[in-house]
Amino acid sequence: MAAPGFRHQGTQNPAGGARRLLCCLLALVVTIVVIVGLVILIFWLVVHPKPIDYYVDGASVHDFNISSSDALNATFDLTLVADNHRNHKVSVYYDNFEITVWYDDNMIAFSNVDPFYQPKRNETRLDVHPLAKATPLLNSVAKDLKHDRSGGKVELEVRVRSRIRFKVGLAKTKHYTLHAYCPVVVKFSSATNFDRVYCDVDI
């Protein structure tokens, strides 16, 4: 017969306690992720940034030369405009900004711009100078470029790629990638006027 007042104590299971702790941690992480996702979604739906307009306001080329080995040297002088006038509440951080010049699906020149901040309802003009320095060309591409040079103008595509963040008040979004595609006709005569070209923008 058991002694009076004696009660049997069950042994604790360490594995069960660790499992419960892990479940609590996982639940906490999931809750935080859901809350952050909802905040971002509500922010996006309320603010809903308008598209940023891009256009080219000037384009020319100098020091254009194709060597006997089909290597291109040239400097393209471009005036790009980023127009954020449609966003009354949203400003933009450009954390990197790359400009490339393409001819017949061949990249022939490259440049980049230092990170910058664009306020709401702002138009930012960027004078950029993509450089082709001994850029190797296929023989057929070199022949086409020489033909265009003799004709006085060349059809190019200016492409912009940028990592951006939107800002409203103190809140900032995650990074988005902005692409702009701008078909331009560059004339070799420096006295020729340039007609503004609007770009297709994708974010």
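Start by selecting V141, A142, L145 and D148: in helix 2 of this predicted model, these four are buried. Now look down the helix axis. Because they cover an arc of only 125° around that axis, they end up on the same side of helix 2.

Next, select the whole helix, residues 139-151. You'll have 13 residues highlighted, and from the first C-alpha to the last the helix reaches 19 Å, close to the 18 Å expected at 1.5 Å a residue.

Swing round to the face turned away from the buried side. Which exposed residues does this face of helix 2 carry? Pick out K143, H147, S150 and G151.

Flip back again and show the strands that the buried residues of helix 2 pack against. There's a handful to color: strand 1 (53-66), strand 2 (71-83), strand 3 (91-103), strand 4 (106-113) and strand 8 (153-168).

Before leaving the helix, click on G152, which follows helix 2. Its phi is positive, near 95°.

Keep strand 8 on screen and add strand 10, residues 176-187. Strand 8 and strand 10 run antiparallel as a pair, joined over 12 bridges. For one of these pairings, select L156 and find its bridge partner in strand 10, V184.

Stay on strand 10 and color its two faces. Y176, L178, A180, C182, V184 and V186 make up the covered face, while T177, H179, Y181, P183, V185 and K187 make up the uncovered one.

Last stop: strand 12, residues 200-202. Strand 12 also pairs with strand 10 in the antiparallel sense, over 3 bridges. Select Y181 and you'll find D200 of strand 12 standing opposite.

Technical notes. Residues numbered from 1 in each chain as written. Predicted model: local features only at pLDDT ≥ 70, side-chain atom pairs only at ≥ 80, totals over all residues. Heavy atoms only, no water. Expected span 1.5 Å × (residues − 1). Buried < 20%, exposed > 50% of the residue type's maximum accessible area, 1.4 Å probe, protein only. Arc of directions from axis to C-beta. Contact = heavy atoms within 4.5 Å. Pairing = 2+ DSSP bridges.
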